[in-house]
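Visitor: I should like to learn how the features of a protein model are read from its coordinates. Please show me the structure and begin with its surface.

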Amino acid sequence: MRRAVIVSKAVLAVIGTWLVLFLAIALPALLPERWAYYLISPASVCLWMLSMLVGPVAVCWKLRSWIRAVPGYSSRLDG
């Protein structure tokens, strides 16, 4: 059960990161056409694709203590 909670928290962090990155690339499309090219250029799309791979790893590393913490589970085994 503990492992399922940890995996679900990690999956939640990855999906949340991807959602934020998707909104970051989608929202500039609402701006005027002349600004959209500068915000969604080929270089920025390449950086966005790279962040889709590296971002979840960085978020999981940053939130590792939250991911490992399972409510109601004591890490000590009282013998």
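Visitor: Which residues form a nonpolar patch on the surface?

Guide: A patch is built from residues with over 30% relative accessible area and no salt bridge (a side-chain nitrogen of Lys or Arg within 4 Å of a carboxyl oxygen of Asp or Glu). Like charges are joined within 9 Å, and nonpolar side chains (Val, Leu, Ile, Met, Phe, Trp, Tyr) within 5 Å. Here L19, F22, L23, L27 and L30 make up such a nonpolar patch, and together they have about 540 Å² of accessible area, computed by the Shrake-Rupley method with a 1.4 Å probe, where for residues only the protein chains shown count as cover.

Visitor: On what kind of model do these values rest, and how are residues numbered?

Guide: This is a predicted model, in which local features need pLDDT of at least 70 and side-chain atom pairs count only at pLDDT 80 or more, while totals for chains, interfaces and linings use all residues. Residues are numbered from 1 along each chain as its sequence is written, and side-chain values use heavy atoms, with hydrogens and water left out.

Visitor: Where does F22 lie, and how is its accessibility classed?

Guide: Helices (H or I, at least four residues) and strands (E, at least two) are DSSP runs, numbered from the N terminus. F22 belongs to helix α1. For accessibility, buried means under 20% relative accessible area, exposed over 50%, and partly exposed in between (1.4 Å probe, protein chains only). F22 counts as partly exposed because its relative accessibility is 48%.

Visitor: Is K9 buried or exposed?

Guide: K9, in helix α1 (residues 2-26), has 12% relative accessibility and therefore counts as buried.

Visitor: Which residues does K9 touch?

Guide: Contact means heavy atoms within 4.5 Å. Not counting residues up to four places away in sequence, K9 touches W66, I67, A69 and P71.

Visitor: Where does the charged end of K9 sit?

Guide: A charge sits over a ring if NZ of Lys or CZ of Arg is within 6 Å of the ring centre and within 35 degrees of the ring normal. The charged end of K9 is placed over the ring of W66, 4.9 Å from its centre. R64 likewise lies over the face of W61, at 4.6 Å from the ring centre.

Visitor: What else is in contact with W66?

Guide: W66 is part of helix α4 (residues 64-68). Leaving aside neighbours within four places in sequence, W66 is in contact with L12 as well as K9. At 38% relative accessibility, W66 is partly exposed.

Visitor: How many aromatic pairs does a search of the whole structure find?

Guide: Rings of Phe, Tyr and Trp (its six-membered ring) pair if their centres lie within 6.5 Å; planes under 30 degrees apart count as stacked, over 60 as edge-to-face and the rest as tilted. The search finds zero such pairs.

Visitor: How far apart are V11 and I67 in sequence and in space?

Guide: V11 and I67 are separated by 56 residues in sequence and by 9.8 Å in space, C-alpha to C-alpha. V11 is in helix α1 and, at 42% relative accessibility, is partly exposed.
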